[in-house]
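Me: I would like to learn how to read the space around a ligand. Please take me through the pocket, the shell and any cavity.

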Amino acid sequence: MICTKRIKEKNFQENGGKILKNQRVRIFSEAELVKATNNYADDRKLGEGGFGSVYSGALTDNTVVAVKKSKGVDKAQMNEEFQKEMSIVSQVNHKNVVKLLGLCLETKVPLLVYEFISNGTLSKHIHDKGSRILASWTNRLRVASEAALALDYLHSLADPPVIHGVVKSVNILLDSNYTAKVADFGASVLMSPGQTDILATKIQGTLGYLDPEYLMTGILTVQSDVYSFGVVLVELLTGEKPNSISKSGEKRNVIQHFISALENNHLFKILDFQTADEGEMDEIEAVAELAKGCLNSMGVNRPTMKEVSDELAKLKALHQKSLAQQNSEETDYLLGESSQSFCKNASPPMDQSQTVISLQIENYTNSN
Ligand SMILES: Nc1ncnc2c1ncn2[C@@H]1O[C@H](COP(=O)(O)OP(=O)(O)OP(=O)(O)O)[C@@H](O)[C@H]1O
């Protein structure tokens, strides 16, 4: 049975939990989640992370959910990871952050129930050559801008602020409209207002995305997320995995390769998508410069997530404006073309020409 209720202090304390004000999540029974996921059947497995595995499930009201189930090897550690993720994700509310719907407290390590994000990870769409969604610069820029918006929100608007800790393309999911949603708060840290860094008890992260400064000092900062986001931007631009292996089997430093291409004006040789448009090239160059700034070895020299997000939003708005302009120019062109052809064909009756023109406009709109 599903019951919606404010989580009781007692339940949380029994589970080693921290009490959060105004927290509203749904409490699921273990049996309900077993049924929803067909007892965590293999074909329901969406993926596996450090904390455990994620399964898709259908509730009795047909809502599709993603259930995060701990590996359960070290109960104390798993409980800590769970508590952290739970306390962070239940407090954030942003259209570009995956929503926590509820949890189940009957299991040894509680289960987390998330909204189901149907189109997989950004990583899959960048690296799976069969995926067409990122074929256009328009979508790459939009997804980058949406993910940046979520991270800016976590750093400066969430109360309390949050360092995500493991920003990478696997942790950016795409929903049914291909809108980006930032996920996986297992390594995240809640900050006090005004606080921007924390001494980590253990260094967590994925090679290739890890801020070199954090790696050296053990201090995780909001700027560590900015570095990792810079790596995601490079991935979006080049289609290369940050820890990729070349054909000859050597480990490639994708970041160095990217920066040297940018500095030597070879950027367009290493892009992962085709663009013939000069306006787009300017935008791509601006995003590449932004990525370079994020990848500065010193955190203080990197832009803030707000600056990154504002710049991407500005570029996205410019891009949309130029797309709209192109569309109207093409419509004008079609109108011009049709009137010329009518001149050639001994002037058709007025009502017929109007029909042809409107049909052409309609076809144009449909194909776009
Ligand atoms: N809400 C969701 N909807 C759909 N799929 C999801 C959802 N959450 C996670 N997944 C899938 O499950 C996989 C595992 O997610 P999880 O957050 O546990 O770990 P991870 O990000 O892969 O690794 P780690 O936690 O070690 O960084 C994701 O890569 C994604 O494919």
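The dialogue below goes from the ligand site to the enclosed space.

Me: What kind of model is this?
Reply: This is a predicted model, where local features need pLDDT of at least 70, side-chain atom pairs count only at pLDDT 80 or more, and totals for chains, interfaces and linings use all residues. Residues are numbered from 1 along each chain as its sequence is written, and side-chain values use heavy atoms, with hydrogens and water left out.

Me: Where does the ligand sit?
Reply: On a 1 Å grid over the protein atoms alone, a pocket is an open set of points with protein on both sides within 12 Å along at least five of seven lines, whereas a cavity is a set where a 1.4 Å probe fits but cannot get out; lining residues have an atom within 4 Å of a point. A molecule sits in one if more than half of its atoms lie within 2 Å of its grid points. Here the ligand sits in the largest pocket, which holds about 870 Å³ of space, a volume being the space filled by probe spheres set on grid points joined across faces, edges and corners.

Me: Which residues line the largest pocket nearest its centre?
Reply: Of 35 lining residues, Gly49, Val54, Lys68, Asn171 and Asp184 lie nearest the centre. Helix H3 (75-89) gives the largest share of this lining, 4 residues; helices (H or I, at least four residues) and strands (E, at least two) are DSSP runs numbered from the N terminus.

Me: How many residues surround the ligand itself?
Reply: A residue is near a molecule if one of its heavy atoms lies within 4 Å of it. The ligand is surrounded by 19 residues, with Gly50, Glu115, Ile117, Asn171 and Asp184 the closest. Strand S3 (45-48) supplies the largest share of this shell, 3 residues.

Me: Which side chains make polar contacts with the ligand?
Reply: A polar contact is a pair of N or O atoms within 3.5 Å. Ligand oxygen atoms lie 3.0 Å from a side-chain N or O atom of Lys68 and 3.3 Å from a polar side-chain atom of Lys168. From the backbone, a polar atom of Glu48 is 3.5 Å from a ligand oxygen.

Me: How many cavities of 30 Å³ or more are there?
Reply: The structure holds 1 such cavity, and the largest cavity has a volume of about 90 Å³. Its lining has 14 residues, the closest to its centre being Gly165, Val166, Tyr209, Leu210 and Ser228. Helix H7 (residues 222-238) contributes the largest share of that lining, 3 residues.

How values were computed. A polar contact is a pair of N or O atoms within 3.5 Å; within protein, one must be able to donate a hydrogen and the other to accept it, and residues adjacent in sequence count only if both atoms are side-chain atoms.
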